[in-house]
Amino acid sequence: MSRLLQWLFGRLPIGWLQLTRNRPRFAAALAGVAFANVLIFVQLGIMNSMGSATLRPYGFFQADIMISAPDANALSEGGNVARQWLLQAMADPDVADGMALLIGNVPWDRGERDISLTTFGIDPTKPGFLSPAIAGDLGLLQVQDAALLDRLARGISRDEAAAIRPQTPLSFESEGRRITAYVTFAGGGGFGGDGYMMVSDQTFLSLFRTRSSSAPDHILLRLRPGADVQATVARLRSLISDPTLRIRSYADAAQEDLRYQQTRRPTGIIFGFGVLIGVLVGLVIVYQVLSTDVADHLREYATFKAMGYGPRFFLGIVFEEALVLGVMGFIPGLIVGTAILTLMGRITTLPLGMTASMAISVFLGTVLFSALSGAIATRRLAAADPADLF
Amino acid sequence: MDREDIVSVQGLNHWFGTGEVRKQALYDVSLALKRGSLTVMMGPSGSGKTTVLTLIGCLRSVQEGSVRLLGQELMGATEAQLILLRRRLGFIFQAHNLHESLTAVQNVVMGVQVHPGIADDTAETAAAHALGLVGLSDRIGYLPANLSGGQKQRVAVARALVSTPALVLADEPTAALDKDSAAEVVDLLKRMGKTRGTTTLLVTHDNRILDRADRILSLEDGRIVKIEERA
């Protein structure tokens with residue numbers, strides 16, 4: 001390591017030698033940086049999982065444009081839209097087809113615990129609006145009270161889910177009706193529910209008796225091949241009589257939902273602050289280590305100043321130390337962070353886990369906050385006055 | 001200034017503090033140091049010896065008077081110029097001031113690496129040679145914590161001399177050394193003066209050194225009160 005750093009910096013790796021001279025302090029410093037990294041990884045992991053969980057239901061459907069109520073910031077939030085807007089939208093020459101989407105949460109008493117399934121009421125005759133993984137089984141929903149069940153939902157064992165087939169369906173009571181799941185699809189627990197369920201619009205309306213087929217939650221539109229989505233969105237805004245409606249491309253709707261969850265919902269803000277606190281903790285730990293180290297070596301630094309070493313040399317030492325702490329603290333932080341996220345993912349079925357982009361961004365952030373701490377710590381170097389040595 | 005003079009000081013005055021607590025430390029000090037000479041500066045505590053050393057060593061700013069070092073006027077010199085000049089000097093402090101995390105040879109290498117462009121192997125060879133000159137060939141890989149006080153001081157001497165400085169400024173360099181080691185160090189300084197033209201200005205109370213000095217300056221209350229030529 002010493003040789004590598006000597007080659008890297010073109011001089012004796014004084015920072016490395018200083019840090020490793022006091023092994024217990026060095027270990028404590030690395031543990032501190034690793035702790036800050038774990039904190040950031042966990043918060044970032046939860047924030048990312050919130051993003052993945054937010055986008056996941058969008059992946060169940062295939063659409064080009066989504067029409068929602070003015071206050072519908074998220075898929076499961078906001079008021080309803082009138083079905084008549086679907087008919088108006090169909091008047092546009094580029095709109096090939098449309099489907100009303102109903103959304104509600106269905107409770108399921110599982111004995112030990114109740115779970116809540118985010119349930120989509122869809123038209124079973126329109127498989128084109130469903131992702132290929134789901135569309136093939138859509139015909140089953142034409143049977144009254146039939147459902148496609150999320151096999152990754154919290155509270156449903158994997159074995160139990162694996163046994164669900166058309167020949168061996170699973171039935172359960174909810175909202176006074178007996179629902180029968182014939183097949184499963186891959187979803188997973190989210191922040192707003194324990195999993196997902198697909199039913200026909202008719203079954204949905206029998207589950208939610210206060211809901212009406214004339215007021216779905218969203219309207220999905222598919223365009224003719226080659227049609228310009230944004231141009232169609234613009235046309236629909238002038239075509240549909242209600243100017244307050246949110247008419248967006250399906251991709252934009254998903255991104256707006258994501259932004260809303262991350263920046264305006266309390267959970268997103270809390271996890272965002274968690275990341276910030278992790279960065280601050282790391283910043284303080286590295287600063288404390290570096291500034292103590294500078295204070296401990298003021299006489300040596302003053303000697304080097306007397307010998308003719310310039311400011312860049314001293315900055316180099318402090319940045320070398322910051323780099324060593326940042327890089328070496330990151331490795332255990334990555335390992336522990338990955339383990340915690342994996343464990344949390346297994347327990348919660350949230351899409352939690354380490355990603356390459358997360359690891360790279362945290363690594364770069366760690367090096368950056370270490371360098372920033374180093375830059376602050378170098379202010380103490382001014383106290384090294386070589387004239388005091390005599 | 002004589003062409004042979006490495007240092008020329010004229011009418012040097014220096015003060016510490018400001019306002020009512022401002023106190024003059026040097027009064028009209030003038031001196032010159034010839035190339036290769038060994039000059040001893042003596043005087044009681046507070047007489048201004050250290051102030052003279054730090055001013056000539058570019059460690060303080062000249063306030064009034066003139067200090068010419070290696071042909072350059074220090075009055076008004078920039079920090080960058082002072083740094084470059086300091087690289088041509090060798091400092092030996094009363095406390096060894098070795099870096100505790102560096103081995104003996106690494107500490108001495110620091111005296112070489114201050115000059116840019118010197119290869120690592122060359123620096124290490126020069127450092128090992130300098131340690132040999134002070135009798136520490138067998139201690140090059142030792143950390144300061146594992147060296148005696150005298151050995152540490154000899155490493156500091158090797159660090160100061162390794163790049164053959166034009167001027168060595170030393171403050172009680174033999175205080176921690178036994179009689180033989182002290183004589184070896186002073187002889188080494190004298191030898192470098194003769195063979196390489198290294199000039200030495202040292203502050204000491206050690207009578208063993210006085211016999212080897214070319215000149216002895218006596219300071220009292222910030223003034224040079226006596227100059228004794230020995231050679």
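Start by selecting chain B: for its 231 residues a compact globule would have a radius of gyration near 17 Å, and the 18 Å of chain B agrees with that. The model is predicted.

**Chain B as a whole**

Keep chain B selected and show it as a cartoon. Its 7 helices and 10 strands should appear. Along the principal axes, the C-alpha atoms fill a box of roughly 50 × 40 × 40 Å. Colour by burial next: 47% of the 231 residues of chain B count as buried. If you draw contacts in chain B between residues at least 6 apart in sequence, 67% of them join residues at least 24 apart.

**The open sheet of chain B**

Now hide the helices and look at the strands. In what order do the strands of the open sheet of chain B stand? The order is 6-7-8-3-9-10, which makes an open sheet of 6 strands with mixed pairing. Strand 6 (89-92) and strand 10 of chain B stand at the edges; each has a single partner strand, so one side of each is left without a neighbour in the sheet. From one strand to the next, the twist averages 15 degrees.

Zoom in on strand 3 (residues 38-42) and strand 8 (residues 199-203) of chain B. These two run parallel and are joined by 4 bridges. To see one position in this pairing, select B:T39, whose bridge partner in strand 8 of chain B is B:L201.

Bring the helices back and select helix 1 of chain B. This helix lies across strand 3, strand 7 (167-171), strand 8 and strand 9 of chain B. Its direction is at about 150 degrees to strand 8 of chain B.

**An edge strand and its loop**

Move to strand 10 of chain B and select B:E228, which is located there. Is B:E228 buried or exposed? With 12 other C-beta atoms within 10 Å, B:E228 is exposed. Leaving out residues up to four places away in sequence, B:E228 touches B:R215 and B:I216. For a long view across the chain, add B:G141: its C-alpha is 42 Å from that of B:E228, and the two residues are 87 apart in sequence.

Next select B:D221, in the loop between strand 9 (215-220) and strand 10 (223-229) of chain B. B:D221 is not a glycine, yet it has a positive phi of about 50 degrees. It counts as partly exposed, with 14 C-beta neighbours inside 10 Å.

**The nonpolar cores**

Show both chains again and select B:M41. It is one of the residues with the most contacts inside the largest nonpolar core, which has 121 residues; B:I56, B:V108 and B:L169 are also among them. Helix 3 (residues 23-55) of chain A provides the largest share of this core, 16 residues. Apart from that core lies another, of 54 residues, including A:I65, A:I67, A:A146 and A:A147.

Back at B:M41, show the surrounding residues. Not counting residues up to four places away in sequence, B:M41 touches seven residues, namely B:K49, B:V52, B:L201, B:L202, B:V203, B:L217 and B:L219.

**Where the chains meet**

Colour the chains separately and select the residues in contact between them. Here 23 residues of chain B are in contact with 19 residues of chain A. On the chain B side, helix 1 (49-56), helix 2 (79-86) and helix 3 (104-113) each supply at least two residues. Which helix of chain B gives the most to this side? Helix 3 of chain B does, with 5 residues. The residues on the side of chain B that touches chain A divide into 9 nonpolar, 8 polar and 6 charged.

**A hairpin in chain A**

Finish in chain A with strand 4 (residues 146-150) and strand 6, which run parallel and are joined by 5 bridges. A:A146 stands opposite A:T180 in strand 6 of chain A.

Then add strand 5 of chain A, which pairs with strand 6 of chain A in the antiparallel sense over 5 bridges. A:S174 has A:R177 as its bridge partner in strand 6 of chain A. The hairpin of these strands has 2 residues between them, and A:E175 there takes a positive phi near 50 degrees. A:E175 counts as partly exposed, with 14 C-beta neighbours inside 10 Å.

Terms used: Residues numbered from 1 in each chain as written. Chains lettered and ligands numbered in written order. Predicted model: local features only at pLDDT ≥ 70, side-chain atom pairs only at ≥ 80, totals over all residues. Buried ≥ 20, exposed ≤ 12 C-beta atoms within 10 Å, placed from the backbone. Core = buried A, V, L, I, M, F, W, Y, C linked by C-beta atoms within 7 Å. Contact = placed C-beta atoms within 7 Å. Nonpolar A, V, L, I, M, F, W, Y, C, P; charged D, E, K, R; others polar. Rg over C-alpha atoms; globule rule 2.2 N^0.38 Å. Pairing = 2+ DSSP bridges. Axes fitted to C-alpha atoms, helices over the stretch in contact; angles between N-to-C directions.
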